[in-house]
Amino acid sequence: MPYFAQRLYNTCKASFSSSDGPIPEEALQKVRNVLEKIKPSDVGIEQEAQLARTRSGPLNGSNQSPPAIKYLHLHECDSFSIGIFCMPPSSMIPLHNHPGMTVVSKLIYGSMHVKSYDWIEPDKTEPEDPSQAGRAAKLVKDTEMTAPTPATTLYPRSGGNIHCFKAITHCAIIDILAPPYSSDHSRHCTYFRKSRKEDLPGEVEVDGEVVADVTWLEEYQPPDDFVIRRVQYRGPVIRT
């Protein structure tokens, strides 16, 4: 129904307008409850969803350039943003972070693989030894998701704040960022990959406790053929 997009905006505005401290879980649950009801037709992507049903397999051939990902921008203000990523099969959004941000997401159609990490020591911003070229992280999620699936939430320090998506079929995920990325407020989107150094420790000690199965992540620039193309949102008008 057309009113679901408007209802989502209204709920986000009521839930995220206060900037005092962490977002209450009750407010996040209200947003998730609305997201659970969102269908492709509610946000103008029913044609893309139909494509996902008729062409469900991955792309053939390994020499093709990665297909472009489409981003539909629904709304952005100082408190939150709403957008949809439409991903063709085999496309990937590399590992990236959400500094100081809470993110509520919902896979609207299709299937994707999700991998996410959290920093083992979230208060640290740089490795103690610059020659390590990495920062210790702990795997949170490494799984496939197929719509319909429940809305998920990642938090500034937990829940898999650093994540990547790889489309298995045509798929779309709606992302609500609270607050959104902002250069003025030092909320930059940074991309990561596993450190290429081979002699980094597999465990670290934090506050007297040993954390095993550590993954070391390093910053990097995605390849030039990683493209997210912003396209016009054609769903129901959202009145702000």
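This briefing covers a packed helix pair, the nonpolar cores and one buried serine. The model is predicted, so local features need pLDDT of at least 70 and side-chain atom pairs count only at pLDDT 80 or more, while totals for chains, interfaces and linings use all residues. Residues are numbered from 1 along each chain as its sequence is written, and side-chain values use heavy atoms, with hydrogens and water left out.

**Helix pair**
- H1 (3-16) and H2 (25-35), which are DSSP runs of H or I with at least four residues, pack at an angle of about 175° with their axes 9 Å apart.
- That angle makes H1 roughly antiparallel to H2, a label given to angles over 145 degrees.
- Among the residues of H1 that meet H2 are Phe 4, Leu 8 and Phe 16, contact being heavy atoms within 4.5 Å.

**Nonpolar cores**
- The largest nonpolar core, a set of buried Ala, Val, Leu, Ile, Met, Phe, Trp, Tyr and Cys residues joined through side-chain atoms within 4.5 Å, has 31 residues, and H1 gives the most to this core, with six residues.
- Apart from this core lies another of 16 residues, among them Tyr 71, Leu 107, Phe 165 and Tyr 191.

**Ser 105**
- Ser 105 lies in strand S4 (residues 102-109), a strand being a DSSP run of E with at least two residues, and counts as buried because its relative accessibility is 6%, where buried means under 20% relative accessible area (1.4 Å probe, protein chains only).
- Leaving aside neighbours within four places in sequence, Ser 105 is in contact with residues including Leu 35, Ala 151 and Ile 173.

Technical notes:
Buried < 20%, exposed > 50% of the residue type's maximum accessible area, 1.4 Å probe, protein only. Axes fitted to C-alpha atoms, helices over the stretch in contact; angles between N-to-C directions. Parallel < 35°, antiparallel > 145°, perpendicular 65-115°, else oblique.
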